[in-house]
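Visitor: I would like a close look at a single part of this protein. Please take one loop and go through it slowly, then say how it fits with the rest.

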Amino acid sequence: MEFINNKSQGNFGLGIAIAYFTTNGYTVSIPLNDTQDYDLIIEKNNILETVQVKTTGCKTRYGNYQVALKSCGGTKGTTYKTVKDTKIDLLFIVATDLTIYIIPREEIKNTSTLNLCSNYEKYKIKRAG
């Protein structure tokens with residue numbers, strides 16, 4: 001799957017996340033802006049959780065998907081935030097082959113990238129679609 005730009009890739013991931021949570025009985029809320037660390041708020045059984053959504057098509061030389069965990073910006077591309085340092089509850093990752101991972105933030109030890117290998121197999125949900 002190829003995307004026109006990063007925005008379309010992000011929209012793809014957000015759409016998959018909304019579909020996943022909705023079809024699994026969650027109420028999904030979408031923030032009005034993008035200044036917070038999370039992309040979605042989900043609720044089920046009166047429990048609210050915040051979710052950051054990431055999409056990846058990047059693979060390591062060993063064939064494992066890899067996702068960036070840091071946000072960069074400015075003219076020098078300086079890192080200003082990493083997933084590990086946020087207060088989100090869950091990281092929802094969808095790979096371009098439609099494999100989904102839902103990882104609690106406290107399980108994330110890396111700050112730069114995350115390789116979706118056997119260490120994260122227990123967080124692999126299914127292929128969407």
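Guide: What follows goes through one loop, then a few other loop residues, and then the chain as a whole. The model is a predicted one.

The loop to look at is the one between strand 1 and strand 2, and Ile-30 is found there. Strand 1 covers residues 27-29, and strand 2 covers residues 40-44. Gln-36 has its place in this loop too.

Take Ile-30 to begin with. Its relative accessibility is 54%, so Ile-30 counts as exposed; the cut-off for that word is over 50%. Being exposed does not leave Ile-30 without partners: leaving aside residues up to four places away in sequence, Ile-30 touches Ile-18, Asp-39 and Leu-40. Of these partners, Leu-40 belongs to strand 2, which runs over 40-44. Ile-18 stands twelve residues from Ile-30 in sequence, and the distance from C-alpha to C-alpha is 9.2 Å. The touching itself is judged on heavy atoms within 4.5 Å, so a C-alpha distance of 9.2 Å and a contact can both hold for Ile-18 and Ile-30.

Now move along the loop to Gln-36. The side chain of Gln-36 has polar contacts with backbone oxygens. A polar atom of that side chain lies 2.6 Å from the backbone oxygen of Asn-33. The side chain of Gln-36 also reaches the backbone oxygen of Tyr-38, at 3.3 Å.

After strand 2 comes another loop, between strand 2 and strand 3 (47-56), and Asn-45 is found in it. The phi angle of Asn-45 is near 55°, which is a positive value in a residue other than glycine. Asn-45 is exposed, because its relative accessible area is 64% and the limit is over 50%.

Further along the chain, Leu-98 offers a second example of a positive phi in a residue other than glycine, with a value near 75°. Leu-98 lies in the loop between strand 7 (90-95) and strand 8 (99-104).

Last, the setting of these loops. The protein chain has one helix and ten strands, and from the N terminus on the order is α-β-β-β-β-β-β-β-β-β-β. The chain has 129 residues, of which 34% are buried. Among contacts with a separation of 6 or more, 48% join residues 24 or more positions apart. The accessible surface is about 7,900 Å², and carbon and sulfur atoms account for 47% of it.

How values were computed: Residues numbered from 1 in each chain as written. Predicted model: local features only at pLDDT ≥ 70, side-chain atom pairs only at ≥ 80, totals over all residues. Heavy atoms only, no water. Helix = DSSP H or I, 4+ residues; strand = E, 2+ residues; numbered from the N terminus. Buried < 20%, exposed > 50% of the residue type's maximum accessible area, 1.4 Å probe, protein only. Areas by Shrake-Rupley, 256 points an atom, 1.4 Å probe, with all protein chains shown as cover. Polar contact = N/O pair within 3.5 Å; in protein donor to acceptor, adjacent residues only side chain to side chain.
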